[in-house]
Amino acid sequence: APWRNLARRRSAGAQLAQNMDIPRFEQRNVNPRLAGTDIGDSFQGFVHELLLPERPQLHRFPGGGKDGGIDLIETSGTCFVVECKVVGEDDYVQIKKRWKTVRGHLEKHLCDPNRPTNRQSQYKPWYDTNAPIAEYVFCVSATFGNDNQRRDFKTRIAGFFHNLTKQRSHLYHLAALEVTVIDWNDLCDRLRKRPHMVFRWFPKLRPNGLVPLDESLDVG
C-alpha cells in the first residue's frame with residue numbers, strides 16, 4: 001500500500017538523519033532559496049520552523065526590524081519568548097558578546113517606570129503585567145565548549161533579570177522569569193527528529209535524487 005511505502009521512506013530518512021553530521025548554520029551551507037541575504041534573518045526563520053511542533057502558536061516578527069529583544073513569541077497560556085543570534089564560531093567570548101548587546105538594549109529601553117524609551121514601543125511586552133513574560137530563551141548558532149560554559153551563560157542571563165527586577169520595581173512581574181539556553185547541538189538534536197527539515201535547509205546532505213516536494217525542478 002502507498003502509505004506503507006511512505007512510512008518506510010520516512011523511517012529511512014529518519015535513520016539517515018540520525019547518523020549525519022549537520023553542518024554549521026552558515027550562508028554557504030544553507031539552502032539559498034531559504035537563506036535570503038541576511039543569515040541572521042534566516043536563522044530566526046529556521047529556529048521558528050524548528051520550534052513550531054513544540055509551540056504551535058509561536059509567532060515570528062519580521063527580520064531586520066525593531067523587535068524589542070524578542071524574535072519569536074507565544075502568548076497562548078504563559079508568555080514564551082525567544083531571542084536568536086548567529087555566532088560565526090564556537091567561541092564562548094563571542095557568545096557572551098551577543099548577549100551583552102541584547103542586555104544593553106534591555107537596560108536602556110526598560111528604565112522608564114511607565115513605558116519604553118521614546119519611539120521604542122517594541123519593548124512593551126516586557127511591561128505587560130497581565131500576561132508577563134514567563135520564559136526567556138536565548139538561542140545561538142554556536143556550540144558551547146562544555147557544560148560549565150552553558151551553566152555560566154544561563155546564570156549570567158538569569159542574574160541580569162534578577163537584578164533588573166530588584167532595581168526596577170516596575171518590572172517586578174519578571175521576577176519568576178525562567179531562562180533557557182539553546183545552542184547548535186540542541187538544535188541539531190531536534191533536527192535529527194525532523195529529517196525533512198535537514199534536507200530542506202541543508203541541500204548538500206540530500207541523498208542523490210531527493211528533492212523536497214516544496215521545491216520545483218528545472219525541466220528541459
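**Close-up 1. The surroundings of Q122 in the predicted model.** In this predicted model, Q122 lies within the loop that leads between helix α4 (92-109) and strand β4. Q122 has a relative accessible area of 15% and is therefore classed as buried, the cut-off for that class being under 20%. The side chain of Q122 is joined to the side chain of Q120 by a polar contact of 2.6 Å.

**Close-up 2. The open sheet and its edges.** Five strands form an open sheet in the order β1-β2-β3-β4-β5, and the pairing within this sheet is mixed. Strands β1 (59-60) and β5 are the edge strands, each of them pairing on one side only. Helix α6 (residues 184-191) packs on the sheet, where this helix touches both β4 and β5, and its direction makes an angle of about 75° with the direction of β5.

**Close-up 3. The pairing of strands β4 and β5.** Strand β4 (residues 133-140) and strand β5 (residues 178-182) run parallel and are joined by five bridges. Two positions illustrate the pairing: Y136 has V179 of β5 as its bridge partner, while C139 stands opposite I182, which likewise belongs to β5.

**Close-up 4. The β-α-β unit built on β4 and β5.** Strand β4, helix α5 (residues 147-167) and strand β5 together make a β-α-β unit, and this unit is right-handed. The two strands of the unit are the parallel pair joined by five bridges, and β5 is also one of the edge strands of the sheet.

Conventions:
Residues are numbered from 1 along each chain as its sequence is written. This is a predicted model: local features need pLDDT of at least 70, side-chain atom pairs count only at pLDDT 80 or more; totals for chains, interfaces and linings use all residues. Side-chain values use heavy atoms; hydrogens and water are left out. Two strands pair if DSSP finds at least two bridges between them. Helices (H or I, at least four residues) and strands (E, at least two) are DSSP runs, numbered from the N terminus. A crossover is right-handed if, with the strands pointing away from the viewer, the path from the first strand over the helix to the second runs clockwise. Buried means under 20% relative accessible area, exposed over 50%, partly exposed in between (1.4 Å probe, protein chains only). A polar contact is a pair of N or O atoms within 3.5 Å; within protein, one must be able to donate a hydrogen and the other to accept it, and residues adjacent in sequence count only if both atoms are side-chain atoms. Contact means heavy atoms within 4.5 Å. Axes are lines fitted to C-alpha atoms, for helices over the stretch in contact, and angles run from 0 to 180 degrees between N-to-C directions.
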